[in-house]
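Trainee: I've got the structure up on screen and would like to talk it through with you. Mind if I fire off some questions?

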Amino acid sequence: MYAYNQFDQTLVDQRVEQYRDQTRRYLAGEIPEDEFRILRLMNGLYIQRLAPMLRVAIPYGLMKSEQLRTLAQISRTYDKGYGHFTTRQNIQFNWPTLESVPDILADLAKVQMHAIQTSGACIRNTTTDPFAGVSADEIEDTRPWCELIRQWSTLHPEFAYLPRKFKIAVSGSSNDRAASQVHDIGLHLYHNETGEIGFEVLVGGGLGRTPVIGKTVRKFLEPQELLSYLEAVLRVYNLNGRRDNKYKARIKILVNAIGIDAFTEMVEAEWQLLKDTELRLPESEIERVKGFFTGPDYLSAVHAGSDLQGVFVEHPQFATWYRQNTRDHKQAGYRIVIVALKNQLQAPGDVSHQQMDGIAALADEFSFAELRSTHNQNLVLADVAQRDLLALWLKLQDLDMARANVGTLTDMINCPGLDFCSLANAETLVLSRQINETFDDMDYQYELGEIQLKISGCINACGHHHVGHIGILGVEKGGKQVYQFTLGGSASNDASLGKTLGRSIEQDQVVVVIGQILDVYVQLRQIDETFLQLVRRLGVVPFKERVYGTHQRSAA
């Protein structure tokens, strides 16, 4: 994991003292409200419906256990004892006082954390695959590239006041787990036909009131040119993006207005002026940053592994958790563990200070003192020896964090909605409670298979509803909260936007409609399976299987 040098620490410490003085002057009446608004947003502080909200950066979702303990301490001391993990892999505190924020930032700085560029019209936290560096299907570890982007983009003087906020995601595996195609810039690491590694660059993706799938602006980019090319894209956007209408200021609007071919020409022309400058990454710098992300001291497969078949028989609930909440690891004898933050009694993504302390202790004991946050609002312990899985599961049960629902209907993404957000039009957290109460039969959820349910409380789409298998959008009509459904979205390799389903409905009908959708889905799937069985009996391999093969989740 990247460790601050003296320059990094000095920058963060100075920002804390700068903001402390700005807050003091604002409270003394020396800085007007409009001017202070800009300053607080630059430090991650919003004013929500009921209280200020502070968003803390977690670069590409990677944390030390010590940092999570600090977040727990902040929630106890300055908030109401919990935090909320977001779809940008950050964490939010919903109840700090404005006066306490400088002290919170000072506590964060002690463990190499901050809230810089978590809001405002700037380059936001770069996100990536939460399994980066450990997944069995990885092409290359994306974390060093995310760190290089973080260093380049932090307090970048040219891009501090963009037309609108700007989001970058990086994917380095055969399966896109970073939702990269619905970002302002999506970067895909891959090997070209000659075996060289490089980036496919997509631009103009995004959700919100105008959802768009990103378009390829450059098919293959040499890694050394990453920063110079990003700079070229940002310059074209900064110069040509609309500033007269915030709803039409995102890069996706610019790309759609002038066309991807014209946009590509503008970027390529700008890049010719930048590609041979100091922005070209020397191999020594790439290797230096990669040196922060070497693998931990793994045990051998013989010592880390364990035959779990007997344990599965003795503990069938553990077997279910293993199937749902762990994934293949590139290191023999290890598993990736997903810790679901989808407790029936908590809002999706919420975690208490006791749970934060508890999961930090488990990271120390079982996963080399590191953990990750995901854009699905869960946490990940990335390096757990197979022999330790049962012990980890038992301790997660003590924390009420062992729910085996990853990938199911109740593993939903859910923005805070009208309960907290000043932009929201409708409540969303009440929906997650109703869904958990209604669909409490986990066997039914397992039979359904993977269902991605995503809920937003307004058109800004913080809940990513456009790319959910089932998407729900809360809107206000005639003074009432109503909800629109979309179906068939995806944020993965097959990225697509859901199609709107009929008219909006009232809140008390949402779970009823979800049930009807699932009933139809099951019926159609049974018809499809019956057809496939008939085709196989005739000796014909279905087209889908000829092209893609059959997919089966790996066994223990």
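Trainee: Let's start with strand pairing. Which residue in β14 is the bridge partner of M63?

Mentor: Sure, and keep in mind that this is a predicted model. Strand β3 covers residues 62-64 and pairs with β14 in the antiparallel sense, over 3 bridges. Within β14, M63 has as its bridge partner L371.

Trainee: Staying with β14, which residue in β15 stands opposite S373?

Mentor: β15 spans residues 379-385 and pairs with β14 in the antiparallel sense, through 2 bridges. The two strands form a hairpin with 5 residues between them, where Q377 takes a positive phi near 65°. Opposite S373 in β15 you find L379.

Trainee: Are the faces of β14 covered or open?

Mentor: Take the strand, residues 370-373, one side at a time. E370 and R372 are on one side, L371 and S373 on the other, and all of these are buried. That makes both faces of β14 covered.

Trainee: On to the core, then. Which helix gives the most residues to the largest nonpolar core?

Mentor: That core has 100 residues, and L71, I185, L187, L226 and F263 are those with the most contacts inside it. The helix that gives the most supplies 9 residues, and it runs from 226 to 240: α6.

Trainee: And how many residues are in the second core?

Mentor: It's separate from the largest one, and L409, V430, I470 and Y483 are among its members. The count for this second core is 22 residues.

Trainee: What does L71 touch, leaving out residues up to four places away in sequence?

Mentor: L71 is one of the residues with the most contacts inside the largest core. With those sequence neighbours left out, L71 touches V56, M63, I91, F93, L108, M113 and M356.

Trainee: How are α7 and α8 oriented to each other?

Mentor: The axes of α7 (residues 251-258) and α8 (residues 260-272) come within 6 Å and cross at roughly 110°. On the α7 side the contact is made by I251, L254, V255 and I258, and on the α8 side by I260, A262, F263 and M266. Those contact residues are 8 nonpolar, with no polar and no charged ones. As for the orientation, the crossing angle falls in the 65 to 115 degree range, so the pair counts as roughly perpendicular.

Trainee: Why is α5 described as largely enclosed by the rest of the structure?

Mentor: Look at the burial along the helix, residues 143-153: the buried ones include W145, L148 and W152, and also R143, E147 and R150. Just after α5, L155 takes a positive phi of about 55°. The helix is called largely enclosed because of its number of buried residues, 10 of the 11.

Trainee: What are the edge strands of the open sheet of 5 strands?

Mentor: The order is β16-β17-β18-β19-β20, with mixed pairing. Inside it, β18 and β19 run antiparallel, joined by 8 bridges, and L473 stands opposite Q484 in β19. Helix α15 lies across β16, β17, β18 and β19, at about 150° to β17. The strands that pair on one side only are β16 and β20.

Trainee: Last one: is N414 buried or exposed?

Mentor: N414 sits in strand β16. Beyond its neighbours within four places in sequence, N414 is in contact with H84, P348, Q377, T428, L429, S432 and I455. Its relative accessibility is 1%, and buried means under 20%, so N414 counts as buried.

How values were computed:
Residues numbered from 1 in each chain as written. Predicted model: local features only at pLDDT ≥ 70, side-chain atom pairs only at ≥ 80, totals over all residues. Heavy atoms only, no water. Core = buried A, V, L, I, M, F, W, Y, C linked by side-chain atoms within 4.5 Å. Buried < 20%, exposed > 50% of the residue type's maximum accessible area, 1.4 Å probe, protein only. Helix = DSSP H or I, 4+ residues; strand = E, 2+ residues; numbered from the N terminus. Contact = heavy atoms within 4.5 Å. Pairing = 2+ DSSP bridges. Axes fitted to C-alpha atoms, helices over the stretch in contact; angles between N-to-C directions. Parallel < 35°, antiparallel > 145°, perpendicular 65-115°, else oblique. Nonpolar A, V, L, I, M, F, W, Y, C, P; charged D, E, K, R; others polar.
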